[in-house]
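Okay, thanks everyone for squeezing in. I'll put the model up and then walk you through it, sheets to begin with, then a helix pair, then a few odd residues.

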Amino acid sequence: MCKTCLEEYNNPKDIRFHSQTNSCPECGVRISFTDNKGIITKGTNKEIFEALCEKLTAGKIIAVKNISGYLLLCDATNPKAVLELRNRKKRLTKPFAVLFKDIKQIENYLYCQKAEKKAITSCQAPIVILPLKKKADLAITEISPAIETVGAMLPNSGILHLISNLFQKPFVATSGNFNGAAICMNQNEALKSLNSVADFYLHHDLEIQHSQDDSILKFSKKHKQKVILRRARGLAPNLNLSFLAPRSEKLLCLGSDLKNTITITPNEQTYISEYIGDLANYDTYNRFEKKINSYLTFFNFSPQKIIYDPHPSYQSANKISAFTFENKTIETLTIQHHEAHFACYFG
């Protein structure tokens, strides 16, 4: 914080006393808008967001650094732009999520009942799968090929609020990565990985320590039971497992090779990480290792037992070797993949 903000922060009589988000134009987060050749668009913050929306209207693809990693944006009412994003990202058929500016706009296009509305407007702000009401100007064939549902979301950060309020129309907001790779979390990663996808970038200088994809939910048709398709931003690592007996053992569970997550019990609580990805991808495996190391540091614990899948080709076995080499007292326990499924449902 600058001198003025620090004085406010330390003054018990000030409304900003111990306000951890305290900042101003001098010491606050700085944004920059560039094309994929590094040419900077100069102007005020307002002018930068106006320029970004002009590019969206012109059919361009924008990589935006959000609060948990980069997102790729394009106009969801422009079939050519959506198809171009699909081709560049090499995502042939998997549906894209669409960001709407408010719940009223969602209800113009999609059926959104009470349970879905409660979830999508919650502070977790997940993607919720909703059935199509009317296509109108939405490029539904390119967004969700061969299906009549859309993964809908509302703005979950100040940046996305500013863009949606200026742009007014729905836009595709998909993870800033290639299929199978981890979502980009800093400017260097984004420039290296997304330069063949994005026409423009919106960067900011706030560090992201743990990148996360968006969480995805759907509700069963008859009884409106919530089904979590992906636990990530907003839902992880917070998980209520109060129905389990408290454990004194400090466990590290390494998860599967595909759609990996890790789980730890550093104390009486159980923490399940967000969706990490497929460990066969080099960048994702590095993120997997970094996640484990950061959890060990953050929760200040060393595992007494490591639980893992015995499949001989799983990349997680590399991490087992590193742990047991450094500490011979660590126990290991193998649980076969399908046995874990049965334990989940019937344990």
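**Sheets, helices and some odd spots**

Let's begin with a small pairing: strand E12, residues 251–253, and strand E13, residues 263–265, are joined by 3 bridges and run antiparallel. If you want a residue pair to click on, Leu-251 sits opposite Thr-265 in E13. And before I go further, please keep in mind that this is a predicted model.

So where do E12 and E13 belong? They're part of an open sheet of 5 strands, ordered E14-E13-E12-E15-E16, and the pairing in there is mixed. At the edges you've got strand E14, 271–272, and strand E16, 331–334, each of which pairs on one side only.

Now the other sheet. How many strands does this open sheet have, and in what order? There are 11, going E2-E1-E9-E3-E4-E8-E5-E7-E6-E10-E11, with mixed pairing. Strand E2, 40–41, and strand E11, 226–230, are at the edges with a single partner strand each, so each one has a side with no neighbour in the sheet. There's also a helix lying on this sheet: H3, residues 79–89, packs there and touches strand E4, 70–75, and strand E8, 171–175. The direction of H3 makes about 145° with that of E4.

A quick reminder for anyone who's been away from structures for a while: strands in a sheet pair through backbone hydrogen bonds, and they can do it parallel or antiparallel. You can see both if you look at E6, residues 127–131. On one hand, E6 is joined by 4 bridges to strand E7, residues 149–153, and that pair runs antiparallel. Leu-130 stands opposite Val-150 in E7 there. On the other hand, E6 has 2 bridges to strand E10, residues 216–219, and those two run parallel. In that pairing, Val-128 has Leu-217 of E10 as its bridge partner.

Over to E1, which covers residues 31–35. E1 runs antiparallel to strand E9, residues 200–204, with 5 bridges between them. Phe-33 faces Leu-202 across that pairing. Let me stay on Ile-31, which is in E1 too. What does Ile-31 touch, apart from its neighbours within four places in sequence? The list is Asn-45, Ile-48, Phe-49, Leu-202, His-203 and His-204. For a sense of scale, go from Ile-31 to Leu-132: that's 101 residues along the sequence, and 36 Å through space, C-alpha to C-alpha.

Phe-49 is a handy link, actually, since it's one of the residues helix H2 uses to meet helix H7. Two packed helices get described by the angle between their axes and the distance between those axes. Here H2, residues 45–57, and H7, residues 158–167, pack at about 60° with the axes 9 Å apart. That makes the two helices oblique to each other, and H2 passes H7 in a right-handed crossing. On the H2 side the residues are Phe-49, Glu-50, Leu-52, Cys-53, Leu-56 and Thr-57, and on the H7 side Ile-159, Leu-162, Ile-163, Leu-166 and Phe-167. By type, the residues of this contact come out as 9 nonpolar, 1 polar and 1 charged.

Right, the odd spots, and they're in loops. Two residues have a positive phi without being glycine. His-18 is one, at about 55°, in the loop between helix H1, 3–10, and E1. Ala-125 is another, with phi near 45°, in the loop between helix H5, 114–120, and E6. Buried or exposed, in the case of Ala-125? Buried, with a relative accessible area of 6%. His-18 counts as partly exposed, at 48% relative accessibility.

Then there's a cis peptide bond, from Ala-236 to Pro-237, with omega near 5°. Pro-237 is in the loop between E11 and E12.

Last one: Ser-68, in the loop between strand E3, 62–65, and E4. Ser-68 has a relative accessible area of 8%, so it's buried. What's around it? Setting aside its neighbours within four places in sequence, Ser-68 is in contact with Ile-183, Ile-208, Ser-211, Gln-212 and Arg-233.

That's my tour. Happy to spin the model around if anyone wants another look.

Conventions. Residues are numbered from 1 along each chain as its sequence is written. This is a predicted model: local features need pLDDT of at least 70, side-chain atom pairs count only at pLDDT 80 or more; totals for chains, interfaces and linings use all residues. Side-chain values use heavy atoms; hydrogens and water are left out. Axes are lines fitted to C-alpha atoms, for helices over the stretch in contact, and angles run from 0 to 180 degrees between N-to-C directions. Angles under 35 degrees count as roughly parallel, over 145 as roughly antiparallel, 65 to 115 as roughly perpendicular and the rest as oblique. A crossing is left-handed if the near helix is turned anticlockwise from the far one by less than a right angle, and right-handed if clockwise. Contact means heavy atoms within 4.5 Å. Ala, Val, Leu, Ile, Met, Phe, Trp, Tyr, Cys and Pro count as nonpolar, Asp, Glu, Lys and Arg as charged, and the others, Gly among them, as polar. Two strands pair if DSSP finds at least two bridges between them. Buried means under 20% relative accessible area, exposed over 50%, partly exposed in between (1.4 Å probe, protein chains only).
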